[in-house]
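Student: I would like to learn how to read a protein model one feature at a time. Could you take me through this one?

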Amino acid sequence: MIAHPLDRPIWSMLTGRQAHLAEGDGRALRIDRGYGVFGVAADTGAAAQAALAALVPDEGEIWIVEGERWPVPDGTREVKRAVLAQMVAEGPPPVPRDGEPPILALGEADASEMAALADHARPGPWGPKTHRYGPFFGIREEGRLLAMAGQRILVPGMAEVSGVATWADCRGRGLARTLIGHVMRQMVARGETPFLHSYADNAGAIGLYESLGFRIRREVHVLAIAK
């Protein structure tokens, strides 16, 4: 039994609000490959682990995100492991600051620019449909997309801030802060609590998120596997 939907975020995602994006069955699931690389097994038993291994593409990876360290399924190999800080917003979202640049909604017409920015900034796994997860927002200057942020994982009553990315030559201007605050306000207006994940050793990012009202809930573990 899951004590909290964020203890197993991918399982909560693909068996709940975003089940329409899932491939697989009750033993193991993976997200539509256009959206990303996340996968999950029902448990660590042999049948579920074998079903998860069968969902690993011949070329590519599956990323497993769990509250506890996960074993490598038979027939696959470990590509990498990492520890994430799972953070949940407490209190009201930040109010806009004076002088913030205009924030624009992003959509299909912006997909190629969003993909290029994601490839540059590496905000997390990005596929050809990732921009369709939900509302994404950006800041432009003289037509150029400088930064973006949006959402990804949805669980009951909660939404994940994700895809936060800024071109290197545009950093230090508070663009990420502006966009995260906007995304948080959108989520709260819908009655959802914002949450996010950061690499646990990224002190700079965690400090930014804490200044926006996020607090560390727990550590979670990432395991990337391949054939």
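## Reading the model together

Tutor: Let us begin with a single residue: F214 is buried, with a relative accessible area of 0%. Please keep in mind throughout that this is a predicted model.

Student: Which residue forms an aromatic pair with F214, and how are the planes placed?

Tutor: In general, a pair of aromatic rings is described by the distance of the centres and the angle of the planes. Here the partner of F214 is Y209, with 6.3 Å from centre to centre and 75° between the planes, which is an edge-to-face arrangement. Y209 is also buried, at a relative accessible area of 12%.

Student: How many aromatic pairs does a search of the whole structure find?

Tutor: The search finds 3 aromatic pairs. One of them joins W126 and F136, whose ring centres are 5.6 Å apart and whose planes stand at 75°, so this pair is edge-to-face. Because W126 lies in the loop between helix 3 (111-121) and strand 7 (136-141), while F136 belongs to strand 7, the pair ties together parts that are 10 residues apart in sequence.

Student: Are W126 and F136 buried or exposed?

Tutor: W126 is partly exposed, with a relative accessible area of 22%, whereas F136 is buried, with a value of 2%.

Student: Let us move to the sheets. How should I read the order of strands, and which strands are at the edge?

Tutor: The general idea is that strands of a sheet pair through backbone hydrogen bonds, either parallel or antiparallel. In this model, 8 strands form an open sheet with mixed pairing, and their order is 4-11-5-10-9-8-7-6. Its edge strands are strand 4 (62-66) and strand 6 (104-106), each of which pairs on one side only. Neighbouring strands of this sheet are turned against each other by 30° on average, with direction ignored.

Student: How do strand 5 and strand 11 pair?

Tutor: Strand 5, which covers residues 77-89, and strand 11, which covers residues 214-226, pair in the antiparallel sense over 12 bridges. As an individual example, K80 has A224 in strand 11 as its bridge partner.

Student: What can I learn from R77 in strand 5?

Tutor: R77 counts as partly exposed, at 47% relative accessibility. Its C-alpha atom is separated by 5.5 Å from that of A226, although the two residues are 149 residues apart along the chain. Leaving aside residues up to four places away in sequence, R77 touches V72, A224, I225, A226 and K227.

Student: And what does Q86 touch?

Tutor: Q86 also has its place in strand 5, and at 0% relative accessibility it counts as buried. Its side chain is joined to that of H197 by a polar contact of 3.1 Å. Beyond residues up to four places away in sequence, Q86 touches several residues, among them L6, P9, L196, R215 and V220.

Student: Which strands does helix 3 lie across?

Tutor: Helix 3 lies across strand 6, strand 7, strand 8 (144-155) and strand 9 (158-166), and it runs at about 85° to strand 8. The buried residues of helix 3 are A111, M114, L117 and A118. They cover an arc of only 125° around the axis, which puts them on the same side of helix 3. These buried residues pack against strand 6, strand 7, strand 8 and strand 9. Just after helix 3, R122 takes a positive phi of about 55°.

Student: In what order do the 3 strands of the antiparallel open sheet come?

Tutor: They come in the order 1-2-3. Strand 1 (22-24) and strand 3 stand at the edges with a single partner strand each, so one side of each is left without a neighbour in the sheet. The twist averages 25° from one strand to the next. Strand 1 and strand 2 pair in the antiparallel sense over 3 bridges, and E23 has R30 in strand 2 as its bridge partner.

Student: Where does helix 2 lie?

Tutor: Helix 2 lies across strand 2 and strand 3, running at about 160° to strand 3. Within helix 2 (residues 46-54), the residues A48, Q49, A51, L52 and A53 are buried. The buried residues of helix 2 pack against strand 2 (28-31), strand 3 (39-41) and strand 4.

Note on methods
Residues numbered from 1 in each chain as written. Predicted model: local features only at pLDDT ≥ 70, side-chain atom pairs only at ≥ 80, totals over all residues. Heavy atoms only, no water. Phe/Tyr/Trp six-rings, centres within 6.5 Å; stacked < 30°, edge-to-face > 60°. Helix = DSSP H or I, 4+ residues; strand = E, 2+ residues; numbered from the N terminus. Buried < 20%, exposed > 50% of the residue type's maximum accessible area, 1.4 Å probe, protein only. Pairing = 2+ DSSP bridges. Axes fitted to C-alpha atoms, helices over the stretch in contact; angles between N-to-C directions. Contact = heavy atoms within 4.5 Å. Polar contact = N/O pair within 3.5 Å; in protein donor to acceptor, adjacent residues only side chain to side chain. Arc of directions from axis to C-beta.
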